[in-house]
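Subject: Structure handover

Hello,

Please find below the sequence and structure that I am handing over to you. My notes on what was found follow underneath.

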Amino acid sequence: MTTTAPATTAPRAAAPGGVRRPRRRTAGTLLTALTWILAIGFFFPVAWMAMTAFKQESQASSNPPTFFFEPTLDQFRAVVGESGTYVANSLIATGVSTLLVLLLGIPAAYALSIRPVEKVGDVLFFFISTKMLPVVAVIVPIYVIAGQLKVLDNIWTLVVLYTAMNLPIAVWMMRSFLQEVPAEVLEAASVDGASLLRTMRSVLLPMVAPGIAATALICVIFAWNEFFFALNLTASQAATVPIFIVSTMTSEGLFLARLCATALLASLPVIIAGWIAQKQLVRGLSMGAIK
Amino acid sequence: MTTLTTQAASARRAQELRAARDGRTLSRAERWRRRGPLLPALLFTIVVTQIPFLVTIWYSLHSRNLLRPDSDLFVGFANYGDIVSDSTFRGAAVNSVVITLGCVLVAMVLGIVLALLLDRPFRGRGVARTLLITPFLIMPVASSVLWSMAMLNPTYGLFNWTLGLVGIDPVDWTSTYPIVAILMALVWQWTPFMMLLVLAGLQAQPKDVLEAASVDGAGPWRTFTWITMPHLRRYVELGVLLGIIYVVNTFDQIYLMTAGGPGTASANLPFYIYQRAFLGFDVGQAAAMGVVVVIATIFVAMAALRLIFRSFDVKERS
């Protein structure tokens, strides 16, 4: 069977192949060239931002643009010197909220997959529906309530809000990973008399570790980049990195090179994380729907 | 004898576990034991997301000013009446639709083209894909300033300089065509998202079906229209709906690139509500607008949820 199948198809493919193949190869080369042109085109603004970050201000805003110049680290030095508090705030808001999301989200996902509560569908529906609520519809009460609780311009307010913002995504993602754990594995562990905690630690956790990493990555990206809450709820004490970029922008005089250096440094953690974890990115962005 | 009993015991245990997974025939205590791990997350989400929303509805029925907190007055649906007659609100609603649909549709078309190109084997494909996803990873605030300053600035922007090479005079994009400028930045950011979803769809195509099609003598075009396109449909729908949900909330680009201007020409609903609340201090109006936006979002959200649920097969599995 396996030998006859290629035998019957081979002549059909070979006969026109003599004419078609070179033409198809040219078409292939053209398509590959087109792909590269588009890829470089899409990447170019990022490259330009990176180039500008290494320029002096006069070179950055010249017309015609400066393509060849002697790179300088002046802008980066200035940015690193000024951005300390903002970076610390962003690290707290991102790190603590991601940790909280995992602590709350993993048990919840467990209760929605492995040992499910009743009405799993309804609970999942509720979680995801909170993601569809426009943030702008709740910002006013959050601002007023935070003012009354005296937690405006407090980094822990952002921690709480970022946790709530990412928790639904984490529940959905972790659930989709936990559901991939075959029932037989858990049954075997339970039959062998392993306790629940032991089953979780030594069987479940290693199997879903990549899932936890993917979930954490998505939460980190969203929390690190968040601007709307930070803009409205912080001032001088709790301002995060996106706010630092905006504050660079409003300062007087020539600032494009400085701005590009700031924007590049601010984006770099997420760019690198996203490059490394491209596959998990797809799954996280579709909330686990696409494997 | 001993082996028999242990076998029977393990069989029974496995059966219990399976029954437990089905979630039927549970004792009251067991049901609460199962709810335990869920409750912290559920309560937290209810408190942080639902209470503010209820307060929003409350505010929307009151006349309230942020500068005079004691100026609280019940006004019924007057705020909603004002919205209906507010032409700026209508303009912002139209802008929201134009920006959201424009961005999602253009990004989807570009995303499909790029995904098809990336689905072919060629040397350096991984590098090309990495370059292409990068715009999505740039912090939105950073990409807004990158576009409004480095690319679109009328005197030193690279985009205008490039246009100048083919003899087009520099254009002050953010003030002459503010929506186009915003769309450039948004499409640039969201195309990789669409591309990634469609590419995942292309790569999830069952290889044996494609082989069978080629064995049956189907050319690449027929294979694409009869097999690939129907298969991709679900991924495209998912991308469009997720895109709408994310893009409709766009704030960063508008705040930084045009500030809703000139005038209110490029303000979308999130930006306009922000203006009314934090620059106009009119809490009642802003809250009523927020409620209207939520009601409008529910329709899109329902469609999105149905689709996501179908992709997950939630009903079948749980």
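To start with a single residue, Ile92(A) counts as partly exposed, because it has 16 C-beta neighbours inside 10 Å and a residue is called buried only from 20 or more. Please keep in mind throughout that this is a predicted model. Ile92(A) sits in helix α4 of chain A, which covers residues 84-110. Once residues up to four places away in sequence are set aside, Ile92(A) touches Ile155(A) and Val159(A). With Val159(A), the separation is 67 residues in sequence, while the C-alpha atoms are 7.6 Å apart in space.

A second residue in chain A was looked at in the same way. Val220(A) belongs to helix α9, residues 196-225 of chain A. Val220(A) has 19 C-beta neighbours inside 10 Å and therefore counts as partly exposed. Its contacts, not counting residues up to four places away in sequence, are Thr94(A), Thr98(A) and Ala273(A). Ala60(A) is 160 residues from Val220(A) in sequence, and their C-alpha atoms are 31 Å apart in space.

Next, the nonpolar core. The largest one has 167 residues, and those that touch the most other members are Leu158(A), Val171(A), Cys260(A), Ala263(A), Leu196(B) and Leu197(B). One of these, Val171(A), has contacts in both chains: leaving aside neighbours within four places in sequence, Val171(A) meets Gly105(A), Ala108(A), Ala109(A), Leu112(A) and Phe127(A), as well as Ala41(B).

On the contact between the chains, chain A contributes 90 residues and chain B contributes 85. Helix α1 of chain A (residues 4-53) supplies the largest share of the chain A side, with 16 residues. By type, the chain A side that touches chain B consists of 68 nonpolar, 19 polar and three charged residues.

One helix pair across the two chains can be described in detail. Helix α13 of chain A (residues 278-285) and helix α10 of chain B (residues 178-203) have axes that come within 10 Å and cross at roughly 95°. That angle lies in the range from 65 to 115 degrees, so α13(A) and α10(B) are roughly perpendicular to each other. From α13(A), the residues making the contact are Leu281(A), Val282(A) and Leu285(A), and from α10(B) they are Phe193(B), Leu196(B), Leu197(B) and Ala200(B). The contact of α13(A) with α10(B) has seven nonpolar residues, no polar and no charged. Leu196(B) and Leu197(B) were also named above among the core residues that touch the most other members.

Last, the domains. Chain A is divided into domain 1 (4-43) and domain 2 (75-285), and the C-alpha centres of these two domains of chain A lie 44 Å apart. In chain B, domain 1 covers 19-74 and domain 2 covers 82-317. The centres of the two domains of chain B, taken over C-alpha atoms, are separated by 31 Å.

Where do the two domains of chain B touch, and with how many residues? On the domain 1 side there are 10 residues, in contact with eight residues of domain 2 of chain B. Two elements of chain B, α3 (39-60) and β1 (62-65), each give two or more residues to that side of domain 1. The residues on the domain 1 side divide into four nonpolar, five polar and one charged.

Regards

Key: Residues are numbered from 1 along each chain as its sequence is written. Chains are lettered from A and ligands numbered from 1 in the order in which they are written. This is a predicted model: local features need pLDDT of at least 70, side-chain atom pairs count only at pLDDT 80 or more; totals for chains, interfaces and linings use all residues. A nonpolar core is a set of buried Ala, Val, Leu, Ile, Met, Phe, Trp, Tyr and Cys residues joined through C-beta atoms within 7 Å. A residue is buried if 20 or more other C-beta atoms lie within 10 Å of its own, exposed if 12 or fewer, and partly exposed in between; C-beta atoms are placed from the backbone. Two residues are in contact if their C-beta atoms, placed from the backbone, lie within 7 Å. Helices (H or I, at least four residues) and strands (E, at least two) are DSSP runs, numbered from the N terminus. Axes are lines fitted to C-alpha atoms, for helices over the stretch in contact, and angles run from 0 to 180 degrees between N-to-C directions. Angles under 35 degrees count as roughly parallel, over 145 as roughly antiparallel, 65 to 115 as roughly perpendicular and the rest as oblique. Ala, Val, Leu, Ile, Met, Phe, Trp, Tyr, Cys and Pro count as nonpolar, Asp, Glu, Lys and Arg as charged, and the others, Gly among them, as polar. Domain bounds come from an automatic or database domain assignment.
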